[in-house]
Amino acid sequence: MPTFTSYDGTELSYRTQGEGEPLICLPGGPMRDAAYLGDLGGLTAHRTLVVLHARGTGASAEPADPGTYRCDRQVGDVEALRAHLGLERIDLLGHSAAGNLATLYAAAHPERVRSLVLVTSIGWAVGHGTTDEEWDEAVTVFADRPWYAEASAGLATIGPDTPLPRILEIVAPFAYGRWDAAAQEHAAAAEQQIRWEAASAYHGEGAYDPEATRRALKALTAPVLILAGEYDAGPTPAKAAEIAACFPDAELVVQPGAGHFPWVDDADAFVRAIAAFLDPEVRTVTVDGVRLAYRVSGPESAPPVVLVHARGENSTHWQGIAGELAADHRVYAPDLRGHGLSDHPGRYGFEDFSDELGGFLRALGLDGATVVAHSMGGAAACLLAQREPGLIGRLVLEDPPVFLPLDPPRPVAERPEGPLAFDWSVITTTDAQLNAPDPAWREGLPSITAPTLVLAGGPSSHVPQERLSWLAERIPGARLVTIGAGHHIHASRPDEFLDTIREFGL
């Protein structure tokens, strides 16, 4: 395990894991062995985690001066690690108590921070800690859980002389969104992982000067993500919002169903939020409570075009087309709900995707934009063009499904093994709708006023081509062009795809 020497001569260790740009991770506890972070739910697929072992924990040496366990005195450890890694600026993540350390580092070295992520961190450093009374009130969210009565009775036994390990054992069920076997195993490791005498010193007297820290943070230009758990008592989402307000450029994300260890409760949701924030090419917008990731390129003053992906895909599948269009367009490529880095709300359907696309256009002020949409995305765009005729300027439908009942109907699909880049429920829901679509979806086609181009993939596409002819005939003034490339025209024949849509007026 690699080591480096900190400001006071203490030899500290860190581990690296994953792929991509480095993300320095500070474990909480306080003073807990970094092993409890694991791979942060699979965040290693997006970033190289550089996980610091705090002094006196894990493989790091004990300091000569126990006073350096105090949070503010560990700021020098983070700076020494940055210098050791040779990084001009760092992406920094702090969990729980270590969110305070990350905050103090950002206040002391704002020019060294490229981005800051605070995960379920009580804001002692900025003066927004959680009182015992607030915590007691917050945990009543679990009142309907079968374990609540026994756990709540345990809280009543806590007194000034209760040992810290015993307190941790009592409060453990309240720290997770689900008190299941995985949570219990994760919690059970804490007693042996925390350096208890160091933990007592971490928040010691003099560690924090909230007013001075808030003043210093005004110089921080880096974006900040505050991630809170819906069921976390410290901080609650409301308290996390107060913490976010202390930073010039902060975004608050509340992970549904999560507690204090959100990567344990729902690893996929945790990773999507963090990965989207850390990717400089990705932005986010919330539409009807659903957080959507999207990619944008091209001159800001150029005419907008929105690229909408197919079922099971995401914005990255437009990469080549987006790069070409960005020469003279402002190109937006969203991840629809249940796909890519956007939220997986569990509710899907063509109406949902259509409403979401409309909300996306309105939220970003893209009324009148050209919409180029593939397959499932095309069906959603088609519905939107019917329902809100003035919202879309020009419409390109690439080999979309046509809302005529399938004969024979599609059988229930079996989920493939292994992880997926989308929510499988999208498949089951939309297949059922394709088998028996709402008749209103096709009856409304004549109400589309946007100039429309229907691109057909030819005989090698799984979409019946006669249906696309039927579709084009019912949209006023629509033009039908066949490019014999199969269902993925823009990927298989990008040059012809681009020539055709440019001839259409892009």
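1. Start with the second largest cavity, which holds about 60 Å³ of space. Keep in mind throughout that this is a predicted model. The walls of this second cavity come from Gly 378, Cys 382, Leu 397, Pro 400, Pro 401, Val 402, Phe 403, Arg 442, Leu 445 and Leu 471. Sorted by class, that lining gives 8 nonpolar, 1 polar and 1 charged residues. Arg counts as charged and Gly as polar, so if you go looking for the odd ones out in this lining, they are Arg 442 and Gly 378.

2. Now for the largest cavity, with a volume of about 80 Å³. In total, the structure holds 3 cavities of 30 Å³ or more. Lining the largest one are Leu 26, Pro 27, Gly 28, Pro 30, Met 31, Leu 52, Ala 54, Gln 74, Ala 98, Leu 101 and Tyr 202. The split here is 9 nonpolar, 2 polar and no charged residues. Have a look at Pro 30 in that list, as this residue comes up again in the next point.

3. Which residue is joined to Pro 30 by a cis peptide bond? The partner is Gly 29, and omega is about -5°. Pro 30 sits in the loop that runs between strand E3 (22–26) and strand E4 (48–52). So that you know what to compare this with: most residues other than glycine have a negative phi, and most peptide bonds are trans. Pro 30 is also part of the lining of the largest cavity.

4. There is another cis peptide bond to check, from Gly 234 to Pro 235, with omega near 5°. Pro 235 belongs to the loop between strand E7 (224–229) and helix H10 (237–244).

5. Next, a backbone angle in the E3–E4 loop, where Leu 40 is found. Its phi is near 50°, a positive value in a residue other than glycine. Is Leu 40 buried or exposed? It is buried, because its relative accessible area is 1% and the cut-off for buried is under 20%.

6. Ser 96 is another one to click on: phi is positive, about 55°, although the residue is not a glycine. You'll find Ser 96 in the loop between strand E5 (90–95) and helix H2 (98–108). With a relative accessible area of 12%, Ser 96 counts as buried.

7. On to a hairpin. How do strands E9 and E10 pair? Strand E9 (residues 282–287) and strand E10 (residues 290–297) run in the antiparallel sense, over 6 bridges. Val 287 has Val 290 in E10 as its bridge partner. The hairpin leaves 2 residues between the strands, and Asp 288 in the turn has a positive phi of about 50°.

8. Last, Val 296, which is in strand E10. Val 296 is buried because its relative accessible area, 17%, falls below the 20% cut-off. What does Val 296 touch, leaving aside its neighbours within four places in sequence? The contacts are Glu 281, Arg 283, Arg 330, Val 331 and Tyr 332. Take Arg 283 from that group: Val 296 and Arg 283 are 13 residues apart in sequence, yet 7.8 Å apart in space, C-alpha to C-alpha.

Terms used. Residues numbered from 1 in each chain as written. Predicted model: local features only at pLDDT ≥ 70, side-chain atom pairs only at ≥ 80, totals over all residues. Heavy atoms only, no water. Helix = DSSP H or I, 4+ residues; strand = E, 2+ residues; numbered from the N terminus. Buried < 20%, exposed > 50% of the residue type's maximum accessible area, 1.4 Å probe, protein only. 1 Å grid on protein atoms, 1.4 Å probe; cavity = no way out; pocket = protein on both sides within 12 Å on 5 of 7 lines; lining within 4 Å. Points joined across faces, edges and corners; volume = space filled by probe spheres on them. Pairing = 2+ DSSP bridges. Contact = heavy atoms within 4.5 Å.
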